[in-house]
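The following exercises are to be worked with the sequence and the model in view. Each task is followed by a stepwise solution.

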Amino acid sequence: MRFDIMTLFPDFVDHVLGESIIGRAQKSGAITVCSHNIRDYSKDKHRRVDDTPYGGGKGMLMMAPPIYDCYQAILAGYPAAEKRHVVYMSPRGRVLNQEKARELAQYDHLVILCGHYEGVDARIIEEIVDEEISIGDFVLTGGELPACILVDAVARLVEGVLADPECYEKESFSGGLLEYPQYTRPVEFLGKTVPEVLLSGHHANIDKWREEQSLAVTRKLRPELLEKQQE
């Protein structure tokens, strides 16, 4: 799977996504992540990519032409994708969840646009964007952090990124519930011991305990998830 990220801060994106599991997945060839500096497509001698919004108001708005030219360069460099989807990271978009991550993981090619300042000219959204996605009901200074989160959430569902599908099939939200508590060595820490059932080696009992704990944790921390399942 390929991710192309249009941004004003490619070094930031490369640094974040070049680490840990996502970084190793790129080195192994399981995924490809490319960041593109929108400023490189500005025709202004100062590489300007923003201007004041028509109608007044504070802040600056990213102009459509540099973004469009950046997008066209991406298409020219990777024309073979059968299933391509363009996402704009925006606080007004649908909030990212595990279901949406699974949906996006079915594409061959995700192109992600990171806004900045007061956002982007609406015409570029109309022209190239398939979907707006948010990571929550709050506003950040730019779309780079949300884009990195989106790539991480989607990429880990791609074959070859994690060691085994079980790594994500039984974690929080995958089955509609939160993940059960987990423990490792030492057996005792600050007077607290690992539940006896996890030391028993009885897999049926362990599975039952984990199911019960997932239900209990969800009921305590995110009861609305249970209500959603009952709808």
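**Exercises on a predicted model**

At 36% relative accessibility, R47 is classed as partly exposed, since that class lies between buried (under 20% relative accessible area) and exposed (over 50%), with a 1.4 Å probe and protein chains only. The model is predicted, with pLDDT of at least 70 required for local features and 80 or more for side-chain atom pairs, whereas totals for chains, interfaces and linings use all residues. Residues are numbered from 1 along each chain as its sequence is written, and side-chain values use heavy atoms, leaving out hydrogens and water.

**Exercise 1. Backbone of R47, S20 and P186**

Task: Determine where R47 lies and what sign its phi has.

Solution. Step one: R47 is in the loop between β2 and β3 (50-51); strands are DSSP runs of E with at least two residues, helices runs of H or I with at least four, numbered from the N terminus. Step two: phi of R47 is positive, about 60°, although the residue is not a glycine. Step three: S20 also has a positive phi, near 55°, but its place is in helix α2 (residues 20-28). With 47% relative accessibility, S20 is partly exposed. Step four: a cis peptide bond, with omega about 5°, joins R185 and P186, and P186 is placed in the loop between α7 (166-169) and β8 (188-189).

**Exercise 2. Strand β1**

Task: State whether the faces of β1 are covered or open, and identify the strands with which β1 pairs.

Solution. Step one: six of the six residues of β1 (residues 2-7) are buried, so the strand is largely enclosed by the rest of the structure. Step two: R2, D4 and M6 are buried on one side, and F3, I5 and T7 on the other. Step three: β1 pairs in the parallel sense with β2 (residues 32-37) over six bridges, where pairing requires at least two DSSP bridges. In this pairing I5 stands opposite S35. Step four: β1 also pairs in the parallel sense with β6 (residues 109-114), over five bridges, and D4 stands opposite V111.

**Exercise 3. Surroundings of H85**

Task: Establish whether H85 is buried or exposed, and which side chains make polar contacts with its side chain.

Solution. Step one: H85 is in strand β5 (residues 84-95). Step two: its relative accessibility is 9%, so H85 counts as buried. Step three: the side chain of H85 makes polar contacts with those of Y107 (3.4 Å) and E131 (2.8 Å); such a contact is a pair of N or O atoms within 3.5 Å, and within protein one must be able to donate a hydrogen and the other to accept it, with residues adjacent in sequence counted only if both atoms are side-chain atoms.
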